Amino acid sequence: RRNRVVTVLGAGGVLAAVLSATGPAALAQPASAQAPSLPKACVAIEALVGDGASGSSIGAGEVLRVSPGGQSTLTTNTAPMGKPNLDDPDGMAFLANGDIVVTDESFTTGRPDVVEVNPSTGVRTLISGKGRGSGPALVMPGTVAVEANGYILVTDIAAGTANQRVLQIDPATGNRIVLTGALVGSGPAVTVAAVGLENGVIYVTDVVGDQIMSVDP
């Protein structure tokens with residue numbers, strides 16, 4: 001369905017690039033977006049639906065590590081052994097301890113969740129989803145950001161209504177609350193495409209109104 005680099009890490013900051021199913025899997029940012037000093041390595045996420053780029057089958061998701069010398073697989077749907085699987089990973093961010101937080105839409109398994117991945121071992125741990133955390137159930141978790149206090153922000157849709165919303169997740173418990181959405185908060189309607197943070201301010205993009213909004217937590 002799509003292959004893309006979500007986040008590139010470098011000493012000078014975070015760079016982002018999105019690829020539209022063209023070129024090698026997990027290709028780094030295009031020349032037009034390159035910084036004067038390229039990072040030595042990056043971490044990329046692929047959502048794979050049997051497109052032949054890599055992976056073995058529908059529902060085989062990967063987190064890849066990319067360096068100038070090539071790429072290696074950090075974790076896949078089944079390796080290293082353990083749970084949860086990576087079915088259709090979408091967004092990626094980084095926790096304060098350096099671990100990777102991944103949203104998984106889980107189209108083939110029907111168990112959308114938010115997963116923590118150890119950047120050294122690839123071991124996956126369930127942060128929030130079916131079996132961990134209270135609050136509104138995850139339906140289609142997309143982009144993700146991490147607040148300075150450690151809470152995780154995830155874009156999602158409400159079950160039965162498809163209303164867009166931003167969830168706030170407590171990583172210690174997996175508990176989920178609606179931070180902003182159709183019935184929470186005033187202001188323009190939320191038709192979220194992405195959530196991000198800058199200097200402690202929460203921003204969401206609105207794909208219908210073609211605007212960027214800030215959110216009062």
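Biologist: Which way do S6 and strand S7 run, and how many bridges join them?

Modeller: S6 and strand S7 (residues 100-104) run antiparallel, with four bridges joining them. Bear in mind that this is a predicted model.

Biologist: OK, give me one pair I can click on. What is the bridge partner of Ala93 in S7?

Modeller: Go to Val101, which is the bridge partner of Ala93 in S7.

Biologist: And how many residues sit between S6 and S7 in the hairpin?

Modeller: There are five residues between the two strands of that hairpin. Have a look at Gly98 in the turn, where phi is positive, at about 95°.

Biologist: Why would you call S6 largely enclosed?

Modeller: Strand S6 covers residues 89-94, and five of its six residues are buried, so the rest of the structure largely encloses it. Buried here means under 20% relative accessible area.

Biologist: Let's zoom out. How many helices and strands does the protein chain have?

Modeller: Zero helices and 16 strands.

Biologist: What share of the 217 residues is buried?

Modeller: Buried residues account for 42% of the protein chain.

Biologist: And contacts? What fraction join residues at least 24 apart?

Modeller: That's 42%, counting contacts in the protein chain between residues at least 6 apart in sequence.

Biologist: How much area does the chain expose, and what do carbon and sulfur supply?

Modeller: The protein chain exposes about 10,600 Å², and 56% of that comes from carbon and sulfur atoms.

Biologist: Switching to the C-terminal strands. In what order do S14, S15 and S16 sit in their sheet?

Modeller: The order is S14-S15-S16, an open sheet of three strands with antiparallel pairing. Strand S14 (192-198) and strand S16 (211-215) are at the edges with a single partner strand each, so each has one side without a neighbour in the sheet. From one strand to the next, the twist averages 25°.

Biologist: How many bridges hold S15 and S16 in register?

Modeller: S15 and S16 pair over five bridges, in the antiparallel sense. One pair to look at is Thr205 with Ile212, its bridge partner in S16.

Biologist: Which residues make the nonpolar surface patch?

Modeller: Ile212 turns up again there, together with Val201 and Tyr203, in a patch of about 270 Å².

Biologist: Where is Tyr203 in the fold?

Modeller: Tyr203 belongs to strand S15, which spans residues 201-206.

Biologist: Why does Tyr203 count as partly exposed?

Modeller: Because its relative accessibility is 34%, and partly exposed lies between the 20% limit for buried and the 50% limit for exposed.

How values were computed: Residues are numbered from 1 along each chain as its sequence is written. This is a predicted model: local features need pLDDT of at least 70, side-chain atom pairs count only at pLDDT 80 or more; totals for chains, interfaces and linings use all residues. Side-chain values use heavy atoms; hydrogens and water are left out. Patches are made of residues with over 30% relative accessible area and no salt bridge: like charges are joined within 9 Å, nonpolar side chains (Val, Leu, Ile, Met, Phe, Trp, Tyr) within 5 Å. Accessible areas come from the Shrake-Rupley method with a 1.4 Å probe; for residues, only the protein chains shown count as cover. A salt bridge is a side-chain nitrogen of Lys or Arg within 4 Å of a carboxyl oxygen of Asp or Glu. Buried means under 20% relative accessible area, exposed over 50%, partly exposed in between (1.4 Å probe, protein chains only). Contact means heavy atoms within 4.5 Å. Two strands pair if DSSP finds at least two bridges between them. Axes are lines fitted to C-alpha atoms, for helices over the stretch in contact, and angles run from 0 to 180 degrees between N-to-C directions.
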